[in-house]
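Work through the exercises below with the structure open beside you. Try each task before you read its solution.

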Amino acid sequence: MSDGTEMAYRKVDQRFPVHSQDVDTEELPATSLELEWDMEKELEESGFDGFEPDDSGQHHLGNSTGNTDLDMEFMQPSASPRGRFERLEEESDYVAHTRPAPKNQQGNFSRMAKLFVAGITIFICGLLIGYYGQKGSSKNVLPNNITTPTPPVSSTAVPDDGNILKAIVQAIEGYSIRNVFRNLTLFAAESDQGSSAAHVMEQWTASGLTEIRLVNYTVLLSLPDTDQNKITLTNSSQCFYPSGQQCSTLPSTPRGKKEKNDLLYSYAAYSAKGSLEAEIIDVQYGTTDDLLRLQSSTNVTKKIALIKLGQAPLLYKLSLLLEAGFGGALVYIDPCDSPQREKIGDETFWISLNPGGDPSTPGYPSIGGSFREHRTNLTTLLVQPIAASLAKALLSSIKEANGNGCFHLANSSAVSKTIRLEVGTVSEYRTIQNVIGYLKGSINPDKYVIVGSHHGNNEELWTSSTSIITEIIKTMMSQVQKRRWRPNRSIMFCSWGGSLFGNIGSYEWAEEMEHVLQSNAVAYINLFNPVVGNGSLNTLASPSLRQLAAEVTNTRLSLNCTRQEKCSGRKVDSMQVEGNSDFFINHLGVPTVQFAYQETETSMGPGFLSEALLVHDALMAEALDPSFNLHETVAKLTAEMILRIANEPVLPFSVLDVALEVQEQLKDESVASDQMLVLASALRETAQLFQSDKMRPANDPTERDPAHLRMLNDVLQNLEKNFLIQQAPPGYYRNILYHLDETSNQFSVVKEALNHCRLQQTNQTLSTVLSMVLNSIRSAQVYLKAGLDVFENIQNTKKQTDF
């Protein structure tokens with residue numbers, strides 16, 4: 001460090017404090033009780049009435065799979081290079097001593113003491129005579145072999161949390177995940193769409209989880225119309241479906257389907273409805289540079305853009321098209337961008353234009369009595385996804401790529417085609433369900449570590465994430481039943497509905513619970529499509545959790561590294577992630593982490609291809625990972641992250657990494673003002689001081705009390721909330737600590753504002769964004785400094801009271 005301050009928060013050998021015993025409220029220390037929240041009362045006040053007090057005595061879980069995986073033996077991670085808070089553990093060798101009486105008082109009581117002792121001796125002798133007389137008279141009742149008194153009743157042995165974590169992680173096994181996966185896959189193939197949530201609940205109940213509830217929301221969905229969307233060439237009157245098939249031919253049946261029409265799955269949910277006859281304009285990826293090339297030479301008003309998926313969020317690119325004056329958009333995937341194994345560019349797909357939540361209740365939950373806006377579309381553009389084969393037929397030329405046998409689709413500016421685009425959707429109110437499971441914490445039950453997966457129908461890749469979270473529940477509940485173990489903080493297991501329409505289930509639940517989650521949500525662990533390739537492990541985490549994620553990943557993969565492609569690429573990035581973590585990141589500022597296996601980086605394409613929702617073969621995940629080793633690795637990594645965050649007395653968050661990330665994003669001094677650089681430097685100095693010897697609540701035994709620990713964790717938990725800006729471009733995160741891709745070297749919103757100014761030919765947008773970034777850095781600095789001042793004031797007060 002620049003100031004030479006020695007880091008104070010060092011790791012100790014024992015990872016967790018001895019606190020795991022499942023105890024009632026009256027058994028907790030008095031100092032802890034004063035700070036403990038009444039969990040049931042809090043949930044009643046917040047409308048969260050589905051949870052009942054847990055009774056571990058009611059668990060009847062059989063022995064879980066206990067085969068020890070020697071290849072995955074647990075290792076203590078090394079100490080962090082940037083410092084980590086030392087565990088706040090109680091002194092185990094503390095012994096109470098009786099203070100002797102002063103010498104000047106001993107002489108005054110010597111005679112009285114002798115008389116008192118003599119009287120006591122006579123009294124004890126009488127008691128002994130009576131006791132042994134009574135014992136002798138009752139020998140005929142007790143067995144003759146009992147010669148020693150019955151030992152006193154002792155409290156239940158408190159389990160070691162370090163061993164608990166090791167046991168839970170080692171108990172996770174691939175074949176057990178595969179069994180759950182096959183059960184879920186079979187159920188999804190044979191049942192209707194509305195019953196998957198109930199089946200997930202049954203699986204979790206069978207795994208030992210007792211506190212589970214279904215949460216229902218009636219939401220507005222945008223569904224495909226039975227009257228198929230069409231593209232017609234006006235000069236030849238040729239009519240095509242989005243798949244590229246001519247309208248005169250019968251539709252084909254997709255792979256793995258029996259009676260469902262794949263054309264129903266090629267549409268844009270929440271698109272505008274209607275028809276438009278206009279010229280097609282090739283805009284390539286629709287980026288700022290692509291639009292700038294058209295701006296000076298082409299009139300795009302009410303034209304139809306032919307746009308590739310990738311390079312930037314689709315919602316952002318559509319907003320640029322709308323701003324430029326386009327009236328419609330045909331979206332496709334360039335075959336050269338498709339992963340080699342999948343070739344998704346040749347298939348039909350559907351997309352959602354919903355940024356998140358129920359469109360009929362924007363910003364508030366879809367519960368009874370809520371006002372509903374019947375918003376049948378979320379854009380005025382007519383949007384239609386099409387297969388690459390149809391895009392190729394609409395273009396007049398192709399461009400060969402760099403010798404890989406693939407051809408990028410392009411268009412000749414001298415050739416124009418006019419089409420008639422017909423788009424239709426049906427808006428319906430339907431009920432979606434969330435499954436919420438709850439493992440109550442023993443010390444801080446009002447603090448939640450949230451683990452999220454999703455469920456759906458047999459067109460969705462949801463069985464992988466659900467089978468992993470079910471296996472994690474089973475291994476944890478086995479320890480609850482066997483050892484009466486409980487984590488420090490509560491763990492919430494969530495399976496969301498309506499994810500593919502815009503993360504509706506997670507949004508509605510979080511909006512309903514928003515005020516509770518703002519103060520109580522500690523972290524969100526994202527399990528969304530954990531195995532979509534068999535190449536490299538992709539680890540994404542917020543800056544405050546990057547250090548812990550790197551420790552867990554490097555430790556775990558070093559024990560299970562059998563292929564070179566699995567052993568590389570262990571870098572942890574803070575990038576935008578897909579799935580249901582959106583509300584927690586962008587509205588609550590909750591630190592988030594996700595582990596997922598993907599294709600190798602060379603075949604990943606330009607990014608954001610996952611926005612294309614495909615009709616998947618239900619067994620694709622098993623084909624990718626037949627032995628379920630990849631599923632097992634993701635499950636072990638996820639379980640260890642959950643337990644580390646839920647158990648460690650001081651949250652394993654790095655405020656210094658957040659400050660370093662801010663400085664990293666401000667390296668471009670042409671954009672960063674002097675004031676911004678000064679604030680970033682001050683933030684780093686405060687973060688260093690926050691983890692230095694000058695801040696000693698974790699090292700000084702005299703300050704190891706729940707109040708100080710609670711204040712410290714509050715600062716760590718809430719720091720990222722300061723980086724939520726008021727508004728961001730469509731598809732961009734409001735949390736500016738996350739960036740679009742790993743090549744970005746500055747805040748994504750700043751980079752976008754720079755490019756957008758070139759289109760608008762004004763600096764107003766850039767000035768607004770820079771002001772929001774500046775205020776975020778200032779807010780974080782003030783917040784962290786205020787927390788530091790509280791501890792310094794406490795230390796000064798203690799020093800004064802010691803005199």
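**Exercise 1. Find how strands β14 and β16 pair, and name one pair of partners.**

Solution. Step 1: locate strand β14 at residues 444-454 and strand β16 at residues 521-526. Step 2: check the sense of the pairing; the two strands are parallel, with 5 bridges between them. Step 3: pick one bridge; Gly-452 has Asn-526 in β16 as its partner. Keep in mind that this is a predicted model.

**Exercise 2. Place these two strands in their sheet and find its edges.**

Solution. Step 1: write down the strand order, which is β1-β13-β15-β14-β16-β19-β17-β18. Step 2: classify the sheet; its 8 strands make an open sheet with mixed pairing. Step 3: find the strands that pair on one side only; these edge strands are β1 (211-224) and β18. Step 4: look for a helix on this sheet; α12 (residues 504-512) packs there and touches β1, β13 (425-439) and β15 (489-496). Step 5: compare directions; those of α12 and β1 make an angle of about 125°.

**Exercise 3. Decide whether strand β17 is enclosed or open to the outside, and describe its two neighbours.**

Solution. Step 1: apply the cut-off, which calls a residue buried under 20% relative accessible area. Step 2: count along β17 (residues 536-541); 6 of the 6 residues are buried, so the strand is largely enclosed by the rest of the structure. Step 3: sort the side chains by direction. Ser-536, Asn-538 and Leu-540 point one way. Leu-537, Thr-539 and Ala-541 point the other way. Step 4: take the neighbour β19 (residues 592-598); it runs antiparallel to β17, and 6 bridges join them. Here Leu-540 faces Gln-594. Step 5: take the neighbour β18 (residues 572-573); this pairing is parallel, over 2 bridges. Here Thr-539 faces Val-572.

**Exercise 4. Describe the sheet that contains β2 and β3, then examine the disulfide.**

Solution. Step 1: read the order β3-β2-β12-β5-β6-β7-β9; these 7 strands form an open, mixed sheet. Step 2: name the edges, β3 (239-240) and β9 (382-385). Step 3: examine β2 (residues 230-233); 2 bridges join it to β3 in an antiparallel pair. Ile-231 has Phe-240 as its bridge partner. Step 4: add the helix; α9 (residues 314-324) packs on the sheet and touches β5 (274-284), β6 (304-308), β7 (328-332) and β9. The direction of α9 makes about 155° with that of β6. Step 5: count the disulfides; the structure holds 1. It joins Cys-239 to Cys-247, with 1.9 Å from S to S. Step 6: find its handedness; the torsion about the S-S bond is about -60°, so the disulfide is left-handed. Step 7: test Cys-239; its relative accessibility is 18%, so it counts as buried.

**Exercise 5. Check the span of helix α6 and find what its buried residues pack against.**

Solution. Step 1: α6 (residues 174-190) has 17 residues. Step 2: compare spans; the helix reaches 24 Å from its first C-alpha to its last, close to the 24 Å expected. Step 3: list buried residues, including Ile-177, Val-180, Phe-181 and Leu-184. Step 4: find their partners; the buried residues pack against α7 (196-206), α11 (463-483), α17 (620-624) and α18 (629-647).

**Exercise 6. Locate the largest nonpolar core and explore one of its residues.**

Solution. Step 1: recall a general pattern. In soluble globular proteins, nonpolar side chains tend to be buried together. Step 2: the largest nonpolar core has 141 residues. Leu-321, Met-476, Phe-493 and Ile-645 have the most contacts inside it. Step 3: find the top contributor; helix α23 (residues 764-802) gives the most, with 11 residues. Step 4: zoom in on Met-476; its contacts include Ile-168, Leu-439, Trp-485 and Phe-493. Step 5: look for a separate core; another one has 35 residues, among them Val-215, Tyr-217, Val-219 and Ile-436.

**Exercise 7. Is the loop residue Asn-488 buried or exposed?**

Solution. Step 1: find Asn-488 in the loop between α11 and β15. Step 2: use its relative accessibility of 3%; Asn-488 therefore counts as buried. Step 3: pair it with Arg-644, 156 residues away along the chain; their C-alpha atoms are separated by 10.0 Å.

Notes: Residues are numbered from 1 along each chain as its sequence is written. This is a predicted model: local features need pLDDT of at least 70, side-chain atom pairs count only at pLDDT 80 or more; totals for chains, interfaces and linings use all residues. Side-chain values use heavy atoms; hydrogens and water are left out. A nonpolar core is a set of buried Ala, Val, Leu, Ile, Met, Phe, Trp, Tyr and Cys residues joined through side-chain atoms within 4.5 Å. Buried means under 20% relative accessible area, exposed over 50%, partly exposed in between (1.4 Å probe, protein chains only). Helices (H or I, at least four residues) and strands (E, at least two) are DSSP runs, numbered from the N terminus. Contact means heavy atoms within 4.5 Å. The expected span of a helix is 1.5 Å times one less than its number of residues. Two strands pair if DSSP finds at least two bridges between them. A disulfide is a pair of cysteine sulfur atoms within 2.5 Å. Axes are lines fitted to C-alpha atoms, for helices over the stretch in contact, and angles run from 0 to 180 degrees between N-to-C directions.
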